[in-house]
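Reader: Before I rely on the labels attached to this structure, I would like to hear how each of them was reached. Could you show it and then take my questions in turn?

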Amino acid sequence: MTDLPAHGAHPPGFAHQFENMQQQREASSLGMWVFLVTEILFFGGMFTAYIVYRLLHYESFVTGSHLLEVKFGATNTYVLIASSLTMALAIRSAQTGKRKGQIIFWLILTMFFGALFLGLKFTFEWRHDYIEHIMPGFGFQYRPEWGSLGPEVQMFMCFYFFMTGLHALHMIVGLGILTVLVIMTARNKFSPEYYAPLEISGLYWHFVDIVWIFLFALLYLIGGRY
Amino acid sequence: MSTANAGAHDAPPESGVNYLNANYGIRSWLLTTDHKRIGLMYLVSITVMFALGGMAAVLMRLHLIEPQGALVEPETYNKLFSIHGIIMVFFFLVPSIPATLGNFLIPMMIGARDVAFPKLNLLSWYVFITGALLALFGIVSGGVDTGWTFYPPYSSLYSQTHVVPVALGVFIAGFSSILTGLNFIVTIHKMRAPGMTWFRLPLFIWALYGTSLIFVLGTPVIAITVFLLALERLLHVGIFDPAVGGDPLLFQHMFWFYSHPAVYIMILPSMGVVSELITAFSRKRIFGYTFVAFSSMGIAVISFVVWGHHMFVTGQSIYAGLVFSVLSFLVAIPSAIKVFNWTATLYKGSISYQAPMLYALGFIGLFTMGGLTGLFLAALATDVHLNGTYFIVAHFHYIMVGGALMGYLGGIHFWWPKMTGRLYPDYWARVAAVVIFIGFNLTFFPQFVLGYLGMPRRYAVYPAEFQVLNVMSSAGASVLAVGYAIPLVYLIWSLRYGKPAGPNPWGAKGLEWTTASPPPTSNFLAPVVVTEGAYNYAGTEGSHD
């Protein structure tokens, strides 16, 4: 591609448009941070709408919040925090030049926790909501004890499914990224000099975890039940 | 600006290998990661979209020749103005300068080989095309009648038209903006050549940096908003539906949180282009470089806190209205800084009136008109009278067509020789610029008067006493259409028959003019080192600096 004077032997993973590895590392890191800023605004739009409606329809949203099972949310919070730890350990292993088996071990463990989160969410929590008829669009039924609040409780559940659904979508994308990282590690792509894909994927993974922390607090905990 | 070792890479002969002839075949284009080729692919794509949106406008103006409507059913008329707005805003104006000139020029202007993430850059084009095709599918399969703003409940409860594919098309195209903005921000931060400090950057780069900030911060909000709207349509579970406690005003807030800054996505890059053109054709350093640079950032920042001026008459609180009104007046300050600095740059410059300069001067005049009439709308009391009338239509067309589009055409004419290596006939380019200027004013000035007299926008019929002004406007639209057709002819003609341009046909400053036209694939054949600030025209032929 380039007809500039050769840079000597290109280190693995070096892209032609950069001058050196440091520039490339800084660029990928900045790129991911900018991407996370757009993600904050993306989720932020939904958080804003949620908070506005919570202020408008306080009672209904508290009623809706009580429909959620805190034990599911809390378990999943622990699972996700564990996955953040294992992700950080995977990056650390690459940075300090550990065997590739060790990096892969931490990555697989991260994927396990991620999959566990989704499994709990879909097979227990959402299934439970479906059976209880509180899944909007799929047999949602107003309960007599809600009185005239019914439509607004349904609105709460809409937000719940949109927000946690969007978050779950990010988790699924994250699992895809982790799969690619495992393959790259197995093919000896990384070294203490070059592990930027691990590092910026880690940023993404931690970000998705933090979003969940906010979701857990906003959807499950601030109902005033305790 | 020049390179320290400029002599080391005098332009190679025009027969040399460049990015256009380095390889051939459809695959070499569809799989390219070269920012210059991606820029050209965007240029072709958005030109097609511009033609489609323009046809819808022509049909509307033909229809409005008679008070009772000359051409189409009212339902069709509603679809025409919606199609026109959606295509022109989301699929032409937003990507126009950033995705074409920005892609082509940013790496060259800062002395880089490519953008920071070339594959993402290619991906952004495919994302854009996917969004555009989905929107076109929605339009062909039945159209939308919501206007480009998609306000619920027009777009949710009461719409019989194909809102979902069009809204999802806008949603998807938004991601191409995000990728472009992300790429530009990282490129400008990390890819500058040695010696290219922030305050040696061409002002075009500053303008696109501000634009990229808006892309990155604003676009995700419109994305989530139209996505929620599409979910409401598909699953019949309301977020904006008052029947279940939703608030349609929330949609408007979230919509304008992006769509007002989006106006500056359209105008800021044009301002960047005009800064380049004014200096190049006055042979002078720009007056007040830092003021112009920071005014771009000022516009980007303030643009995020003025959205409420679109909602003065929607029942938002009067105190919110007051605050938004004051903030909206503030935007006039950085805009005026730019206009005054351009004017001061012209003063005692040795001005030559080549085609790009005519567009730049047209921009200054028309943008000033559009900006000043904006003050009428930022004032609460006059806005109540003018909101929803043709005054608004005229105002934003002075900004978006008279401003953004004139800047775009000026930029295309200025850098066309660099992109293609060919000169176009300057005489015809000047004719086109004058025809567009006349046609534009004839089309839109009568609309100011119509709006002031009280003619509402978006109606297929109007009272007979407004006919004279409407016929003037329609006549202007046909002149404008001819004006846009002329460049299409001579620019395509120049690809084959134009004279070879040479590396620097305008004698302009800037790194992009130090390399061959068309540039080699890696942009520069020798390493670039920058030793002076932008627009150092002192000592060049005709300069009074």
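Author: What follows is a set of questions about a predicted model, with each label traced to the value behind it.

Reader: How do you know how much confidence the predictor places in chain B and in the model as a whole?

Author: For the whole model the scores are ipTM 0.90 and pTM 0.93. Chain B has an average pLDDT of 92, and 96% of the residues score at least 70, on a scale that runs from 0 to 100. Residues 1-14 of chain B should be read apart from this, since pLDDT stays under 50 there, although the model has 30 contacts beyond four places in sequence for this stretch.

Reader: What makes up the contact between the chains, and which helix of chain B gives the most to it?

Author: Chain A contributes 30 residues and chain B contributes 35 residues, where a contact requires C-beta atoms within 7 Å. On the chain B side, α6 (163-190), α7 (203-235) and α8 (248-282) each supply at least two residues, and α7(B) gives the most, with 9 residues. By class, that side of chain B holds 24 nonpolar, 8 polar and 3 charged residues.

Reader: Why are α5(B) and α6(B) called roughly antiparallel?

Author: The axes of α5(B), which covers residues 118-140, and α6(B) cross at roughly 165 degrees and come within 7 Å. An angle over 145 degrees counts as roughly antiparallel, and therefore α5(B) is roughly antiparallel to α6(B). The crossing of α5(B) past α6(B) is left-handed, and their contact comprises 17 nonpolar and 9 polar residues, with no charged residues.

Reader: How do you know that α3(A) and α6(A) deserve the label roughly antiparallel?

Author: The argument rests on the angle between the axes of α3(A), residues 70-95, and α6(A), which is roughly 165 degrees, while the axes come within 10 Å. With the cut-off at 145 degrees, α3(A) and α6(A) are therefore roughly antiparallel to each other. Their crossing is left-handed. Among the residues that make the contact are A:Leu80, A:Ile81 and A:Met87 of α3(A), together with A:Trp205, A:Trp212 and A:Phe216 of α6(A). In classes, this contact has 14 nonpolar, 5 polar and 2 charged residues.

Reader: What makes A:Gly114 count as buried?

Author: A:Gly114, which is found in α4(A), residues 100-131, has 23 C-beta neighbours inside 10 Å. The label needs 20 or more, so A:Gly114 counts as buried. Leaving aside neighbours within four places in sequence, A:Gly114 is in contact with A:Ser83, A:Met171, A:Gly174 and A:Leu175. The C-alpha atom of A:Phe214, 100 residues apart along the chain, is separated from that of A:Gly114 by 17 Å.

Reader: Which residues of α2(A) are buried, and what covers them?

Author: In α2(A), residues 58-67, the buried residues are A:Ser60, A:Phe61, A:Thr63, A:Gly64 and A:Ser65. Their cover includes α1 (21-56), α5 (150-186) and α6 (196-220) of chain A.

Reader: What makes the backbone at B:Phe150 and B:Tyr535 worth a remark, and are these residues buried or exposed?

Author: Most residues other than glycine have a negative phi. B:Phe150, in the loop between α5 and α6 of chain B, has a positive phi near 55 degrees. For B:Tyr535, which lies in the segment after α15 of chain B, phi is also positive, at about 60 degrees. As to burial, B:Phe150 has 26 other C-beta atoms within 10 Å, and B:Tyr535 likewise has 26; the threshold is 20 or more, so B:Phe150 is buried and B:Tyr535 is buried.

Reader: Where are the prolines B:Pro153 and B:Pro518, and what kind of peptide bond precedes each of them?

Author: Most peptide bonds are trans. The bond that joins B:Pro152 and B:Pro153 is cis, with omega about 0 degrees, and B:Pro153 is placed in the loop between α5 and α6 of chain B. A cis bond also joins B:Ser517 and B:Pro518, with omega about -15 degrees; B:Pro518 is in the segment after α15 (467-497) of chain B.

Key. Residues are numbered from 1 along each chain as its sequence is written. Chains are lettered from A and ligands numbered from 1 in the order in which they are written. This is a predicted model: local features need pLDDT of at least 70, side-chain atom pairs count only at pLDDT 80 or more; totals for chains, interfaces and linings use all residues. Two residues are in contact if their C-beta atoms, placed from the backbone, lie within 7 Å. Helices (H or I, at least four residues) and strands (E, at least two) are DSSP runs, numbered from the N terminus. Ala, Val, Leu, Ile, Met, Phe, Trp, Tyr, Cys and Pro count as nonpolar, Asp, Glu, Lys and Arg as charged, and the others, Gly among them, as polar. Axes are lines fitted to C-alpha atoms, for helices over the stretch in contact, and angles run from 0 to 180 degrees between N-to-C directions. Angles under 35 degrees count as roughly parallel, over 145 as roughly antiparallel, 65 to 115 as roughly perpendicular and the rest as oblique. A crossing is left-handed if the near helix is turned anticlockwise from the far one by less than a right angle, and right-handed if clockwise. A residue is buried if 20 or more other C-beta atoms lie within 10 Å of its own, exposed if 12 or fewer, and partly exposed in between; C-beta atoms are placed from the backbone.
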